[in-house]
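Me: I'm new to reading protein structures, and I'd like a close look at one single part of this one. Could you pick a stretch, walk me along it slowly and explain the terms as you go?

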Amino acid sequence: MEHTAHTEHQHQGHGHDHGSGTTSWATAAQATLHCLTGCAIGEVLGMVIGTAAGWGNLPTTLLAIVLAFFFGYSLTMRGVLRAGVDLRTAIRVALAADTLSIAVMELIDNGVILVWPSAMDATLADALFWISLAVSLVIAFVVTTPVNKWTIGRGKGHAVVHQYHH
């Protein structure tokens with residue numbers, strides 16, 4: 001019993017299961033939170049840069065999406081590179097681990113902002129800008145967590161990273 005608890009704790013500590021098919025919601029949420037961190041950094045930075053520069057909605061949104069993928073992949077690569085793998089392998093692992101998760105998160109996040117009345121026209125000084133961005137990221141987290149649970153349970157997504165965390 002103690003060994004089982006230790007093993008489950010180890011998996012939850014890493015945020016990944018080996019594709020055992022029994023991925024816990026906590027594990028999926030932890031993997032999604034990791035993804036959300038990179039997405040949020042890129043999303044906020046892109047929105048701030050585009051809005052501050054006076055860009056239109058489309059270029060600002062595209063920059064935010066590109067930066068969300070960049071930071072999402074970068075956070076994963078940082079951990080994998082620490083395990084001593086080469087850059088090419090780290091890139092492959094990050095692409096395999098994060099692409100679906102980031103894509104779903106960005107689709108939901110940007111979709112919420114797109115349909116939120118006046119959110120696309122809010123400036124950095126408007127509370128609506130920050131509220132709609134925060135709410136959209138929370139909704140994206142809620143929608144992406146089951147996606148990550150499904151992929152991790154099949155040995156895909158964030159499960160790919162697990163072997164590099166030992």
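Reply: Let's start with what counts as a helix: helices (H or I, at least four residues) and strands (E, at least two) are DSSP runs, numbered from the N terminus. This is a predicted model, where local features need pLDDT of at least 70 and side-chain atom pairs count only at pLDDT 80 or more, while totals for chains, interfaces and linings use all residues. Residues are numbered from 1 along each chain as its sequence is written, and side-chain values use heavy atoms, with hydrogens and water left out.

First, a quick look around. The protein has 6 helices and 0 strands, so by that definition its elements, from the N terminus on, read α-α-α-α-α-α. Of its 166 residues, 37% are buried, meaning under 20% relative accessible area (exposed is over 50%, partly exposed in between, with a 1.4 Å probe and protein chains only). Take the contacts (heavy atoms within 4.5 Å) between residues at least 6 apart in sequence: 68% of them join residues at least 24 apart.

The part I'd zoom in on is helix 2, residues 25-52. Its 28 residues should span 40 Å at 1.5 Å a residue, and its end C-alpha atoms are 38 Å apart, which agrees. (The expected span is 1.5 Å times one less than the number of residues.) After helix 2 comes G54, which has a positive phi, near 75°.

Now for its partner. Two packed helices are described by the angle between their axes and the distance between the axes. Helix 2 packs with helix 5 (residues 127-153) at an angle of about 145°, and the axes are 8 Å apart. Those axes are lines fitted to C-alpha atoms, for helices over the stretch in contact, and angles run from 0 to 180 degrees between N-to-C directions. Who takes part in that contact? Its residues split into 17 nonpolar, 6 polar and 2 charged. (Ala, Val, Leu, Ile, Met, Phe, Trp, Tyr, Cys and Pro count as nonpolar, Asp, Glu, Lys and Arg as charged, and the others, Gly among them, as polar.)

Want one residue to hang this on? Try T32, which lies in helix 2. T32 is buried, with a relative accessible area of 0%. Leaving out residues up to four places away in sequence, T32 touches M105, F141, T144, T145 and N148.

Next, two cysteines: C35 is buried at 2% relative accessible area, and C39 is buried at 0%. A disulfide is a covalent bond between the sulfur atoms of two cysteines. Here it is counted when a pair of cysteine sulfur atoms lies within 2.5 Å, and a search of the whole structure finds 0. C35 is in no disulfide, and the nearest cysteine sulfur belongs to C39. Why don't C39 and C35 bond? Their sulfurs are 4.0 Å apart, too far for a bond.

Finally, a peek at helix 5, where L128 lies. L128 is partly exposed, with a relative accessible area of 25%. Skipping neighbours within four places, L128 is in contact with W116, P117, S118, A119 and A122.
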